[in-house]
Amino acid sequence: HEVLCRTVYLSVDPFLRCRFNASTGVDYTQPYALGEPIASAGIGEVLQVGDAVRGLAPGDLVVEPFDSFPWQSVAVLEAAKVQRVPPILALLLPPSALLGACGQTGLTAWCGLETVGGGRPNGSDVVAVSGAAGAVGSLVGQLCKRRGAAVVGVCGSEAKVDFLQELGFDRALNRHSADLRADLRAALLSVPQADRALGTSRSPQPADITLYWDNVGGAVSDLVIQCMAPRSELLLCGQISTYDAEGDYPPPLPAESAAVVERRRIRRERYTVVKYKHRFAPALAELCALVAAEELRAEETVYDGLDAAPAAFIDMMGGGNTGKAVV
């Protein structure tokens, strides 16, 4: 019931950090065991199959889509946990895309936006995305733009600002700016949804954020929350700024931010993609078609060789990657 595989690609993801703790705080992934290799999603080439395995043969590419592909050059995998990559798909897409835009990362973005409901986001929405140049954030922004929303992304460098502008974000902000608050207000004044009413009686007013996709938490999120509209939506996808801190996850909001959420009746919900497996098939069909047609940019930061895996993880946790990080 097992297959022997040569490792081709390994996925490097923020949620893996939680697996280094005594408890992950969730029931869908478990802490790493001492003495066992790190594991994540991965892609391998089948070298040998067990006698009881059907549907796989040497030379096939297989993907383990979540958290069970060990970080080693050759691995024995349970056949039931891997999926054969159809040869036609391998011709249309780079294999690594099955770990990113056409895999768990893309599913996270697509299914999360589906949870908003009511045909949104749409042209009436102003969407803010933190960690916007990362694997999930860069896809969220592109998908929102396809639906007509205005998108403001917050990222960690001027190079990433340029990248987000290439993706079509309406505005991109560097979180290390000397005055991020002023930058965010200026961005919200300039999006199409802003109230541009002029006259002696009133000044132009910035648009309110109607949907916030939060990958980061911390001070960036506190600032964004101050600019959110009444009854707006906050999807708590990640809190990478707090993953090294002790305490509950997700961490409680500071009192000022919590008061804004309560007063404006902002719906702040923790989001995990594993709850939406019933939507994976249509999501993957659309995502693969978009990437194959080059209508969705699947940016990657690729680290070469297994020896680079620890540095890739540390780099990703510090925001060194643009788009999806893979080894």
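Buried means under 20% relative accessible area, exposed means over 50%, and partly exposed lies in between. Keep these cut-offs at hand for the exercises. The model is predicted.

**Exercise 1. Classify Arg-146, then describe its salt bridge.**

Step 1. Take the accessibility. Arg-146 has 47% relative accessibility. Exposed needs over 50% and buried needs under 20%. Arg-146 therefore counts as partly exposed.

Step 2. Find the partner. Arg-146 forms a salt bridge with Glu-295. Their closest N and O atoms are 3.5 Å apart.

Step 3. Place both ends. Arg-146 sits in helix α3, residues 135-146. Glu-295 sits in the loop between α8 and β12 (300-302). The two are 149 residues apart, and the pair links distant parts of the chain.

Step 4. Classify the partner. Glu-295 has a relative accessible area of 45%, so this residue is partly exposed.

**Exercise 2. Which parts of the chain does the salt bridge between Asp-60 and Arg-84 tie together?**

Step 1. Check the contact. The closest N and O atoms of Asp-60 and Arg-84 are 3.4 Å apart. A salt bridge needs a side-chain nitrogen of Lys or Arg within 4 Å of a carboxyl oxygen of Asp or Glu.

Step 2. Locate the residues. Asp-60 is in the loop between β2 (39-49) and β3, and Arg-84 is in strand β5, so the bridge ties together parts 24 residues apart in sequence.

Step 3. Look at each end. Asp-60 has a relative accessible area of 15%, so it is buried. Arg-84, with 41%, is partly exposed.

Step 4. Set the pair in context. The count for the structure comes to 12 salt bridges.

**Exercise 3. Which residues are linked with Glu-114 in a network of salt bridges?**

Step 1. Start with one pair. Glu-114 forms a salt bridge with Arg-279, with the closest N and O atoms 3.4 Å apart.

Step 2. Place the pair. Glu-114 belongs to helix α2, and Arg-279 to the loop between β11 (267-270) and α8. They are 165 residues apart, so this pair too links distant parts of the chain.

Step 3. Classify both. Glu-114 is partly exposed because its relative accessible area is 32%. Arg-279, at 30%, also counts as partly exposed.

Step 4. Extend to the network. Glu-114, Arg-147 and Arg-279 are linked.

**Exercise 4. Describe the second largest pocket and its lining.**

Step 1. Give the volume. The second largest pocket holds about 520 Å³ of space.

Step 2. Find the centre. The pocket is lined by 23 residues. The closest to its centre are Pro-65, Phe-66, Gln-83, Gln-104 and Phe-280.

Step 3. Assign elements. β3 (61-70), β5 (83-84), α2 (104-114) and α8 (280-292) each supply at least two lining residues. The largest share, 6 residues, comes from β3.

Step 4. Sort by class. The lining has 14 nonpolar, 4 polar and 5 charged residues.

**Exercise 5. How many cavities of 30 Å³ or more does a search of the whole structure find, and what lines the largest cavity?**

Step 1. Count. The search finds 1 cavity.

Step 2. Give the volume. The largest cavity measures about 60 Å³ by computation.

Step 3. Name residues. Among those lining the largest cavity are Ala-97, Thr-105, Ser-138, Leu-139, Arg-297 and Lys-324.

Step 4. Find the main contributor. α3 gives the most to this lining, with 3 residues.

Step 5. Sort by class. The lining has 5 nonpolar, 3 polar and 4 charged residues.

**Exercise 6. Is Ile-88 buried or exposed, and which surface patch does Ile-88 help to make?**

Step 1. Place the residue. Ile-88 lies in helix α1, residues 87-92.

Step 2. Classify. Ile-88 has 55% relative accessibility, so this residue counts as exposed.

Step 3. Add the partners. Ile-88, Leu-91 and Leu-92 make a nonpolar surface patch of about 360 Å².

**Exercise 7. Classify Gly-137 and Glu-166, and give one C-alpha distance for each.**

Step 1. Take Gly-137. This residue is found in helix α3. Its relative accessible area is 1%, so Gly-137 is buried. Its C-alpha atom lies 18 Å from that of Val-274, 137 residues apart along the chain.

Step 2. Take Glu-166. This residue lies in helix α4, residues 158-167. Its relative accessible area is 55%, so Glu-166 is exposed. Glu-166 and Ala-281 are 29 Å apart, C-alpha to C-alpha, and 115 residues apart in sequence.

Technical notes
Residues numbered from 1 in each chain as written. Predicted model: local features only at pLDDT ≥ 70, side-chain atom pairs only at ≥ 80, totals over all residues. Heavy atoms only, no water. 1 Å grid on protein atoms, 1.4 Å probe; cavity = no way out; pocket = protein on both sides within 12 Å on 5 of 7 lines; lining within 4 Å. Points joined across faces, edges and corners; volume = space filled by probe spheres on them. Helix = DSSP H or I, 4+ residues; strand = E, 2+ residues; numbered from the N terminus. Nonpolar A, V, L, I, M, F, W, Y, C, P; charged D, E, K, R; others polar. Patch = residues over 30% accessible without salt bridge, like charges linked within 9 Å, V, L, I, M, F, W, Y side chains within 5 Å. Areas by Shrake-Rupley, 256 points an atom, 1.4 Å probe, with all protein chains shown as cover. Buried < 20%, exposed > 50% of the residue type's maximum accessible area, 1.4 Å probe, protein only.
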